Amino acid sequence: MTQTTGLPDVTDADFEARVLESELPVLVQFTAVWCGPCRMLKPVLADIAREQAGRLKVVQIDVDANQQTTQRYTVLSTPTVMVFRDGEPVLSTVGAKPKARLLRELAPVLD
């Protein structure tokens, strides 16, 4: 777990178990160490993770270290935020966004 952001890390090795098999919807931030907008988005996602605890899991995956998952979901830009429900991606958005806008985009997934 990455303590500095409050977002747990997932990897190619545990993506299926922790994301695809989750009973809750899972928001995955595809991120990279060198990505400035990713760093800007992490506190927003940490807030959402706290506020939506019990309704939504929020995790991050490093695109450089986990290329298998990155390629599987055709992630071409960072940050990409993808929400998975019942093992399938149901929402995908690219770029850092203000919390209010991101919550509006997530609303259909959280209902």
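Begin by selecting C35, which is buried, with a relative accessible area of 3%. The model on display is a predicted one. Next add C38, which is likewise buried, at a relative accessible area of 0%. Both residues are classed as buried because their values fall under 20% relative accessible area.

**The disulfide**

Show the side chains of this pair. C35 and C38 form a disulfide, with 2.2 Å between their sulfur atoms. A disulfide is a covalent bond between the sulfur atoms of two cysteines. Turn the view to look along the S-S bond: the link of C35 and C38 is right-handed, with 80 degrees about that bond. The count of disulfides comes to one.

**The sheet**

Now select the strands. Four of them form an open sheet, ordered β2-β1-β3-β4, and the pairing is mixed. Which strands stand at the edges? They are β2 (57-62) and β4 (88-94); each has a single partner strand, so one side of each is left without a neighbour in the sheet. On average, neighbouring strands of this sheet are turned by 25 degrees against each other, direction ignored.

Strands of a sheet pair through backbone hydrogen bonds, either parallel or antiparallel. For a parallel example, select residues 26-31, which make up β1, together with β2: six bridges join the two strands. Within this pair, L27 of β1 stands opposite V58 in β2.

**Helices on the sheet**

Keep the strands visible and add residues 36-51, helix α2, which packs on the sheet. Helix α2 touches β1, β2 and β3 (80-85), and its direction makes about 165 degrees with that of β1. The disulfide partner C38 falls within the residue range of this helix.

Then select residues 99-110, helix α4. Helix α4 lies across β1, β3 and β4 and runs at about 170 degrees to β4.

**Where the two helices meet**

Hide the strands, leaving α2 and α4. Two packed helices are described by the angle between their axes and the distance between the axes. How far apart are the axes of α2 and α4? They are 10 Å apart, and the helices pack at an angle of about 50 degrees. The two helices are therefore oblique to each other, and their crossing is right-handed.

Finish with the side chains at this contact. On the α2 side, select L41, V44, L45, D47, I48 and E51. These residues meet K99, L102, L103 and L106 in α4.

Definitions and conventions. Residues numbered from 1 in each chain as written. Predicted model: local features only at pLDDT ≥ 70, side-chain atom pairs only at ≥ 80, totals over all residues. Heavy atoms only, no water. Pairing = 2+ DSSP bridges. Helix = DSSP H or I, 4+ residues; strand = E, 2+ residues; numbered from the N terminus. Axes fitted to C-alpha atoms, helices over the stretch in contact; angles between N-to-C directions. Contact = heavy atoms within 4.5 Å. Disulfide = S-S within 2.5 Å. Buried < 20%, exposed > 50% of the residue type's maximum accessible area, 1.4 Å probe, protein only. Parallel < 35°, antiparallel > 145°, perpendicular 65-115°, else oblique. Left-handed = near helix turned anticlockwise from the far one by under 90°.
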